[in-house]
Amino acid sequence: MSAFVPPEPPGFATASPRERAARIVTEVLAPVPLVIALLLVVGAHAADGWSGVGWGLLAALFCGVVPLGVIALGVRRGALTDKHIRMRRQRVLPMAVSLLPVVTGVALLYLLGAPAEVGALVVAMLVGLVAALAVTVWWQISLHNAVAGGTAMILLLALGPASPALVAAAASLPVAAGWSRLVLRAHTPAQVVAGTALGGVCALVFTLLR
């Protein structure tokens, strides 16, 4: 079992400018917002018009909104420190509970005939969640970087390296997320690198299934 215990992040009012910037980046690049945004982008790309956005919204409901509700309920009841679940031991139960809506989402999308890329993305997210849960039982991997790294690679796979701006924007996601987590001492460099590598595994699953 890992002995790593991240400290409580500094309050925004008392934080240094660098820490404030890190807190903002951590919020913007949190796993759930990135998951929802990625599903909408891939959905819109996979099918023309509003139908693609609709598929993305349906997938986001099961992969983002419901898991976020599980976390919010845990925070409200005092079982979780915060929405980022700073303590490793607290992450196991909400991650395990979140498997159910994601599996339900996978089944529903395939039954309804969702575009292949949307279905592949949700399966990749399920694989990532299972792998992250297995690691979290004994070690605190960076979920921020797992999602940011996976988002970057899947965006480039789905949309293609159409422009240097897209490549730069995608590459900046795991870099910025990792920087913010290190500044806030929420993770070690090894945990950040491992999270990004897990994102790469999810991107590989997406590539094989799309």
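## Exercises on a predicted helical model

Val-137 sits in the loop that joins α5 (116-136) to α6 (143-159). The model used in these exercises is predicted.

**Exercise 1.** Decide whether Val-137 is buried, partly exposed or exposed, and find which residues form a nonpolar surface patch with Val-137.

Solution.
- Step 1: The relative accessible area of Val-137 is 39%.
- Step 2: Buried means under 20% and exposed means over 50%, with partly exposed in between. Val-137 is therefore partly exposed.
- Step 3: Met-1 and Trp-138 join Val-137 in a nonpolar patch of about 370 Å² on the surface.

**Exercise 2.** Find the aromatic pair in the structure and classify the arrangement of its rings.

Solution.
- Step 1: Searching the whole structure gives 1 aromatic pair.
- Step 2: The pair consists of Trp-138 and Trp-139, whose ring centres are 6.0 Å apart and whose planes meet at 25°.
- Step 3: Planes under 30 degrees apart count as stacked, so Trp-138 and Trp-139 form a stacked pair.
- Step 4: Trp-138 has a relative accessibility of 46% and is partly exposed. Trp-139, at 21%, is partly exposed too.

**Exercise 3.** Describe the secondary structure and overall dimensions of the protein chain.

Solution.
- Step 1: The chain has 8 helices and 0 strands.
- Step 2: The radius of gyration is 17 Å, close to the 17 Å that the globule rule gives for 210 residues, so the chain is as compact as a globular protein of that length.
- Step 3: Along the principal axes, the C-alpha atoms fill a box of roughly 45 × 40 × 30 Å.
- Step 4: Of the 210 residues, 46% are buried.

**Exercise 4.** Locate the salt bridges and state which parts of the chain each one links.

Solution.
- Step 1: Side chains of opposite charge can pair when their charged atoms come close. The structure holds 2 salt bridges.
- Step 2: One of them joins Lys-83 to Glu-27, with the closest N and O atoms 2.9 Å apart. Lys-83 is in the loop between α3 (50-76) and α4 (88-111), while Glu-27 is in helix α1 (residues 17-28), and the two are 56 residues apart.
- Step 3: Arg-210 and Glu-117 also form a salt bridge, at 2.6 Å from N to O. Arg-210 lies in the segment after α8 (189-209) and Glu-117 in helix α5, so this pair ties together parts 93 residues apart in sequence.
- Step 4: Glu-117 is buried at 12% relative accessible area, whereas Arg-210 is partly exposed at 38%.

Methods. Residues numbered from 1 in each chain as written. Predicted model: local features only at pLDDT ≥ 70, side-chain atom pairs only at ≥ 80, totals over all residues. Heavy atoms only, no water. Patch = residues over 30% accessible without salt bridge, like charges linked within 9 Å, V, L, I, M, F, W, Y side chains within 5 Å. Areas by Shrake-Rupley, 256 points an atom, 1.4 Å probe, with all protein chains shown as cover. Salt bridge = Lys/Arg side-chain N within 4 Å of Asp/Glu carboxyl O. Helix = DSSP H or I, 4+ residues; strand = E, 2+ residues; numbered from the N terminus. Buried < 20%, exposed > 50% of the residue type's maximum accessible area, 1.4 Å probe, protein only. Phe/Tyr/Trp six-rings, centres within 6.5 Å; stacked < 30°, edge-to-face > 60°. Rg over C-alpha atoms; globule rule 2.2 N^0.38 Å.
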